[in-house]
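Here are some notes to go with the model, written for someone who would rather be at the bench. Have the structure open as you read, and take the points in whatever order suits you.

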Amino acid sequence: MPTMIQALNTSLRDALTDDEKVVLLGEDIGTLGGVFRVTDGLKSQFGEHRVIDTPLAESGIVGTAIGLAYRGYRPVVEIQFDGFTYPAFDQLVSQLAKLHYRSRGRVKMPVTVRIPFGGGIGSPEHHSESPEAYFVHTAGLRVFAPSTVEDAYTMLRQAIDCDDPVIFFEPKRRYHEKAELPDGDQWRDEAPCARVVRRGDDVTAIGYGPTVYTLNDAAVAAEDEQISMEVIDLRTLDPLDWGTITESVKHTGRVVIVHEASAQGGLGAEIAAGITERCFDYLDHAPLRVTGFDVPYPPSKLEHHHLPDLDRVLHAVDTVMRRDEVTAQGAAR
């Protein structure tokens with residue numbers, strides 16, 4: 001079975017084959033095949049004019065992609081690591097995100113920006129960031145975050161096919177997960193939206209990217225305590241699939257939201273606020289967040305303390321189920 005890396009590689013290969021206007025740009029993506037080998041073999045198959053090794057200059061890479069999109073191409077940019085996104089920030093939020101609106105719809109920007117994100121692989125500073133909230137906050141961008149091998153293939157095809165710019169976050173610590181790929185052109189028939197990974201009755205657990213596996217593990221563990229968790233994989237961070245989210249929350253009445261990024265100003269805050277506005281009368285407890293701490297990403301030897309894990313998720317589940325309160329009352333007696 002292919003890994004997520006191989007699924008992404010196959011997705012890029014199929015997109016390059018189907019549309020001669022698709023081009024890839026990035027640092028070391030050609031001869032080397034990318035730092036994670038996602039583009040391995042593509043230069044030899046499609047040539048250096050379509051799989052382009054660029055200088056180490058993220059702002060220049062994204063700026064070049066914008067120019068190519070102006071001329072009718074569909075550029076796919078690779079940013080080597082999440083923390084290297086910031087040198088291109090002005091191009092992404094001031095130019096790429098606004099050109100379609102600024103031109104009153106006349107200019108399309110079918111640019112896909114691939115970003116390996118998140119921690120858990122023991123990387124040094126600037127290699128384990130979670131910058132998704134910046135781009136969710138930026139009007140004009142779509143933001144995708146697959147969690148599975150199948151979604152990595154399907155959603156990358158959808159991103160490249162989209163006429164809007166897409167920031168495509170890849171959970172790097174899930175790169176070696178294995179699964180079968182979808183058949184044929186199935187990706188054309190699916191709209192990117194949230195997916196209910198696991199049905200449950202007591203608590204809605206919401207995550208995306210690398211945290212979905214943590215939520216699945218928590219749901220299995222919670223069964224031992226007779227707690228039924230419904231797990232939702234957001235898949236698209238912008239736009240958010242509020243229909244799937246609110247349907248689940250109205251059913252369970254309790255919510256736990258999990259992401260690796262810091263809590264303050266994170267996507268979890270937006271989801272919690274949106275749920276409160278839409279589902280207030282259905283809630284039995286305030287939505288809780290389990291996130292990274294509000295500190296710069298720690299050294300690799302300490303990252304296991306920083307990342308949301310099984311124990312922290314289960315503690316939040318116990319809290320929304322009011323089990324902590326019952327325990328405290330029993331201790332007081």
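## Notes on the predicted model

1. **Gln 226.** Let me start with an exposed residue: Gln 226 has a relative accessible area of 64%. Please keep in mind throughout that this is a predicted model. Gln 226 sits in the loop that runs between α8 (211-223) and β9. Its backbone is worth a look too, since Gln 226 is not a glycine and yet has a positive phi, at about 60°. As background, most residues other than glycine have a negative phi.

2. **His 126.** A positive phi turns up here as well: the value for His 126, again not a glycine, is about 75°. You will find His 126 in the loop between β4 and α6. With a relative accessible area of 41%, His 126 is partly exposed.

3. **Ser 123.** Is Ser 123 buried or exposed? Its relative accessibility is 10%, so Ser 123 counts as buried, the cut-off for buried being under 20%. Ser 123 belongs to the loop between β4 and α6. Setting aside neighbours within four places in sequence, Ser 123 makes contact with Phe 81, Ser 128 and Ser 300.

4. **The sheet.** Now for the strands. Seven of them make up an open sheet with mixed pairing, and their order is β2-β1-β3-β4-β6-β5-β10. At the edges are β2 (51-53) and β10 (236-238), each of which pairs on one side only. From one strand to the next, the twist averages 20°.

5. **β1 beside β2.** If you would like to follow one pairing by eye, try strand β1, residues 22-26, which pairs with β2 in the parallel sense over three bridges. A handy landmark is Gly 26, which stands opposite Asp 53 in β2.

6. **A helix across the sheet.** Which strands does helix α7 lie across? Helix α7 (residues 149-161) lies across β1, β3 (74-78), β4 (112-117), β5 (142-144), β6 (166-171) and β10. Relative to β6, helix α7 runs at about 165°.

7. **A buried charged pair in the strands.** Side chains of opposite charge can pair when their charged atoms come close. The structure holds 12 salt bridges. In one of them, the side chains of Glu 78 and Arg 114 meet at 2.8 Å, N to O. This pair links distant parts of the chain, with Glu 78 in strand β3 and Arg 114 in strand β4, 36 residues apart. Both Glu 78 and Arg 114 are buried.

8. **A tie to helix α7.** The side chains of Arg 235 and Asp 151 also meet in a salt bridge, at 3.0 Å from N to O. Arg 235 is in the loop between β9 (229-233) and β10 while Asp 151 is in helix α7, so the pair ties together parts that lie 84 residues apart in sequence. Arg 235 and Asp 151 are buried.

9. **Two further sets of charges.** Arg 174 and Glu 177 form a salt bridge through their side chains, with an N to O distance of 3.4 Å. Arg 174 is buried, at a relative accessible area of 13%. Glu 177, at 26% relative accessibility, counts as partly exposed. Elsewhere in your display, look for Asp 19, Arg 74 and Asp 163, which are linked in a network of salt bridges.

10. **A cis proline.** Most peptide bonds are trans. The bond that joins Asp 238 and Pro 239 is cis, with omega at about 5°. Pro 239 lies in the loop between β10 and α9 (242-252).

11. **The largest pocket.** How much space lies in the largest pocket? The figure is about 530 Å³. The lining of the largest pocket has 25 residues, and those closest to its centre are Glu 129, Ser 130, Ser 262, Val 295 and Tyr 297. Two elements, α6 (132-136) and β11 (255-262), give two or more residues to the lining of the largest pocket. The largest share of that lining, three residues, comes from β11.

Notes
Residues are numbered from 1 along each chain as its sequence is written. This is a predicted model: local features need pLDDT of at least 70, side-chain atom pairs count only at pLDDT 80 or more; totals for chains, interfaces and linings use all residues. Side-chain values use heavy atoms; hydrogens and water are left out. Two strands pair if DSSP finds at least two bridges between them. Helices (H or I, at least four residues) and strands (E, at least two) are DSSP runs, numbered from the N terminus. Axes are lines fitted to C-alpha atoms, for helices over the stretch in contact, and angles run from 0 to 180 degrees between N-to-C directions. Contact means heavy atoms within 4.5 Å. A salt bridge is a side-chain nitrogen of Lys or Arg within 4 Å of a carboxyl oxygen of Asp or Glu. Buried means under 20% relative accessible area, exposed over 50%, partly exposed in between (1.4 Å probe, protein chains only). On a 1 Å grid over the protein atoms alone, a cavity is a set of points where a 1.4 Å probe fits but cannot get out, and a pocket is an open set with protein on both sides within 12 Å along at least five of seven lines; lining residues have an atom within 4 Å of a point. Grid points are joined across faces, edges and corners, and a volume is the space filled by probe spheres set on the points.
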